[in-house]
Every structure is written in C-alpha cells, then in structure tokens.
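User: I am new to reading protein structures, and I would like to learn how the words used for them are justified. Could you take me through the reasoning step by step?

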Amino acid sequence: MKAADLDSAQIARLLLPYVTLSAGQLSQTRDYVALLLKWNARVNLTAVRDPEHIVTRHFGESFFAASALVPHGWRGRVIDVGSGAGFPGVPLAIWAPQAEVTLIESNSKKAAFLSEVIRALGLKNARVAGQRAELFSGSAELATMRAVEQFEKSMLAAMRLVAPGGRLSLMIGKGQLSTAEELGRGFEWAEAIPLPGGHSRVLLVGTKSATVGNLGD
C-alpha cells in the first residue's frame, strides 16, 4: 500500500485503539505519512516501511502519549529530545496546537526533514533546534523522549531540560524501566502505562521536584 492510498478514514480506523483525531488532524497525519515515506527513501528516518505500520507504531504511540500527557488547549512548553523523524514531538504539536514544541535533532538531514514537515503541515507552534540536547539552553514544562540512541546519556540531557515541577515523558521498553527510575532521582515516577499495540512498550512519566534545579545550572 502506498501512502497516497491511505485516506483519512483509513487512518482514523488504524488509530482507533490509540486516539480519536479531528478531520484536520487526520489530514495533517496523512500528509506527514506521505512526507515520511518520500524522505525515507534517501534519509534513514525509520526502519518501518509499510504505511499502515507507520501509522500504528509511530503515530499511534505518539498520539496516545500526547492524549495522556496534555489536554486540549494546553499552552505549555515541550522539548522533544532526539526527535529523529519527529516522534512524539510533531504529533504532540498536532494534538495541542496551543503548546510550544521544540524538536531537538542534531543530525542535519533529519533536522531538515523536520523543518519540511513543520512547513508542509503549517505547524506554527513547532520549531527545530539543530543541535545536541546537552548544548541546548532552555527548559520546558514537559520533555519527551522516544527510541533514542545512547538512552542513558540522552535521558540525563532530557532531565536537565525539565523545569522544576515539570514532567519527563519516556516511551521505552519494559526492560528499561528500572534503569530509567534509577537514573531519574529527583523525579517522582507514576506507574508505567502500557502502550497499545502489544510491543511491550510503556509510557513512563516522572515529575521533577519543584525544589530541584536543572542539572548543570
């Protein structure tokens, strides 16, 4: 199946176990899938090639996390660490158009892809920071991380970017839970939420103590 063959109704059906989107959000998702497949032919954005699997695995998980993390109308700041192909940061920007989303991606080709997605989808609330998370200056009420390389190093960088009282959202395998909770001292961790799809992956959310400053400050 080609991306052009996926219409909004089919995408809505595929996302049904994860989230319910508006017509506009479904249209943006369809355009995003098409761009992802086009760019993936020359830039290694995802190993998943089938459009339906892309919708369920990447978009489904990301929209599920977005719906669990932020209500409609939420206006906070979000930093997506190691954004890669834009998950979960871009779906979160689609889900919460009043939020201010920064996509951190140091790979120049992936950063260029993210900039094209933002332009094509008309996302006024998202921007790309083409640098390493360790060098990024700023903080947010919510930091997100999914399927990054060098997990422990990336998590430490993400922790630093969470404002006191803010949250860190990790989309990880069950086998990484103990590592995450051990690294995340200074955070109060909620019970992990299984992600739909049966891939033994979970959403783990921790709240940073309001009395803990950012690491490295």
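Analyst: Let us start with a term that is needed straight away: a helix here is a DSSP run of H or I with at least four residues, and helices are numbered from the N terminus. The model is a predicted one. Arg-119 and Glu-116 both lie in helix H5, which covers residues 108-121, and they are 3 residues apart, about one turn of the helix.

User: Why is the pair of Arg-119 and Glu-116 called a salt bridge?

Analyst: The term asks for a side-chain nitrogen of Lys or Arg within 4 Å of a carboxyl oxygen of Asp or Glu. The closest N and O atoms of Arg-119 and Glu-116 are 2.7 Å apart, so the pair falls within that limit and is a salt bridge. In general, side chains of opposite charge can pair when their charged atoms come close. The structure holds 8 salt bridges.

User: What makes Arg-119 exposed, and is Glu-116 buried, partly exposed or exposed?

Analyst: Exposed means over 50% relative accessible area, and buried means under 20%, with partly exposed in between. Arg-119 has a relative accessible area of 58%, and is therefore exposed. Glu-116 has 23%, so this residue is partly exposed.

User: How do you know that Glu-61 forms a salt bridge with Arg-57, and where do the two residues lie?

Analyst: Their closest N and O atoms are 3.4 Å apart, which is within 4 Å, so the pair is counted as a salt bridge. Both residues lie in helix H3, residues 51-69, where they are 4 residues apart, about one turn of the helix. Glu-61 is buried, because its relative accessible area is 1%, while Arg-57 is partly exposed, at 27%.

User: Which parts of the chain does the pair of Arg-146 and Glu-61 link?

Analyst: Arg-146 forms a salt bridge with Glu-61, with the closest N and O atoms 3.1 Å apart. This pair links distant parts of the chain, since Arg-146 is in strand E4, residues 140-146, and Glu-61 is in helix H3, 85 residues apart. Arg-146 has a relative accessibility of 6%, and therefore counts as buried. Arg-57, Glu-61, Arg-146 and Arg-201 are linked in a network of salt bridges.

User: What makes a set of residues a nonpolar core, and which residues have the most contacts inside the largest one?

Analyst: The members must be buried residues of certain kinds, such as Leu, Tyr, Val and Phe, joined through side-chain atoms within 4.5 Å. The largest nonpolar core has 49 residues, and those with the most contacts inside it are Leu-15, Tyr-32, Val-90 and Phe-113. Helix H3 gives the most to this core, with 8 residues. Leaving aside residues up to four places away in sequence, Leu-15 touches Leu-21, Leu-26, Val-55, Phe-59, Gly-60 and Phe-63. Another core, of 26 residues, lies apart from the largest one, and Ala-140, Met-145, Leu-161 and Ile-172 are among its residues.

User: How many residues line the largest pocket, and which are the closest to its centre?

Analyst: The largest pocket has a volume of about 740 Å³. It is lined by 31 residues, and the closest to its centre are Gly-82, Lys-110, Ala-147, Val-148 and Glu-149. By class, the lining has 11 nonpolar, 11 polar and 9 charged residues.

How values were computed: Residues are numbered from 1 along each chain as its sequence is written. This is a predicted model: local features need pLDDT of at least 70, side-chain atom pairs count only at pLDDT 80 or more; totals for chains, interfaces and linings use all residues. Side-chain values use heavy atoms; hydrogens and water are left out. Buried means under 20% relative accessible area, exposed over 50%, partly exposed in between (1.4 Å probe, protein chains only). Contact means heavy atoms within 4.5 Å. On a 1 Å grid over the protein atoms alone, a cavity is a set of points where a 1.4 Å probe fits but cannot get out, and a pocket is an open set with protein on both sides within 12 Å along at least five of seven lines; lining residues have an atom within 4 Å of a point. Grid points are joined across faces, edges and corners, and a volume is the space filled by probe spheres set on the points. Ala, Val, Leu, Ile, Met, Phe, Trp, Tyr, Cys and Pro count as nonpolar, Asp, Glu, Lys and Arg as charged, and the others, Gly among them, as polar.
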